[in-house]
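Q: I'm new to reading protein structures. Could you walk me through this one, feature by feature?

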Amino acid sequence: MRLRPTRAADAFDLLLAGRTATIESIEQDYENRVYLAVTVDDDPGRDFGMDRKPAHRFFYRPGEVEPLGPDGAPA
């Protein structure tokens, strides 16, 4: 999937816009909002994110990601 943040909450939203990522988990907060915890595909520390360590997992709302097909083109 490709990251398409609609908000600019912090610098990472701008830096990661357009990058491809993999959903690591789907999470819900105490106000019942759903977030996708993702790891960025070309992050050299991606393994840390897969181990649920901080700084290598990023949270996006479902509407802020673009599904990609097997060829990497938008689905």
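Q: Let's start inside. Which residues make up the largest nonpolar core?
A: First the general idea: in soluble globular proteins, nonpolar side chains tend to be buried together. Now for this case, bearing in mind that the model is predicted. The largest nonpolar core has 10 residues in all: Met1, Leu3, Leu16, Ala21, Leu36, Val38, Val40, Phe58, Tyr60 and Val65.

Q: And which elements give two or more residues to this core?
A: Those are β3 and β4. The largest share, three residues, comes from β3.

Q: Let me zoom in on one core member. What does Leu36 touch?
A: Leave out residues up to four places away in sequence, and the list for Leu36 is Ile23, Ser25, Ile26, Phe58, Phe59, Tyr60, Pro62 and Val65. One of these, Tyr60 in β4, is the residue that Leu36 stands opposite.

Q: How are the strands β3 and β4 joined?
A: They run antiparallel, and three bridges join β3, residues 34-40, to β4.

Q: In what order do the strands form the sheet?
A: To read a sheet, go across it from strand to strand. Here the order is β2-β3-β4, three strands in an open sheet with antiparallel pairing. β2 (21-28) and β4 (58-60) each have a single partner strand and stand at the edges, so one side of each is left without a neighbour in the sheet. On average, neighbouring strands of this sheet are turned by 35° against each other, if you ignore direction.

Q: Now for a single residue in a strand. Is Glu24 buried or exposed?
A: For this you look at relative accessibility, where buried means under 20%. Glu24, found in strand β2, comes out at 17%, so it counts as buried. Its side chain also has a polar contact of 3.4 Å with the side chain of Ser25.

Q: How far apart are the C-alpha atoms of Glu24 and Phe59?
A: This one is about comparing position along the chain with position in space. Glu24 and Phe59 are 35 residues apart along the chain, and 10.0 Å separates their C-alpha atoms.

Q: What about the loop between β2 and β3: which residue there has a positive phi?
A: Phi is a backbone angle, so here you check its sign. Asn32, placed in that loop, has a positive phi of about 65° even though Asn32 is not a glycine.

Q: Is Asn32 buried or exposed?
A: The cut-off for exposed is over 50%. Asn32 has 58% relative accessibility, so it counts as exposed.

Terms used: Residues are numbered from 1 along each chain as its sequence is written. This is a predicted model: local features need pLDDT of at least 70, side-chain atom pairs count only at pLDDT 80 or more; totals for chains, interfaces and linings use all residues. Side-chain values use heavy atoms; hydrogens and water are left out. Two strands pair if DSSP finds at least two bridges between them. Helices (H or I, at least four residues) and strands (E, at least two) are DSSP runs, numbered from the N terminus. Axes are lines fitted to C-alpha atoms, for helices over the stretch in contact, and angles run from 0 to 180 degrees between N-to-C directions. Buried means under 20% relative accessible area, exposed over 50%, partly exposed in between (1.4 Å probe, protein chains only). A polar contact is a pair of N or O atoms within 3.5 Å; within protein, one must be able to donate a hydrogen and the other to accept it, and residues adjacent in sequence count only if both atoms are side-chain atoms. A nonpolar core is a set of buried Ala, Val, Leu, Ile, Met, Phe, Trp, Tyr and Cys residues joined through side-chain atoms within 4.5 Å. Contact means heavy atoms within 4.5 Å.
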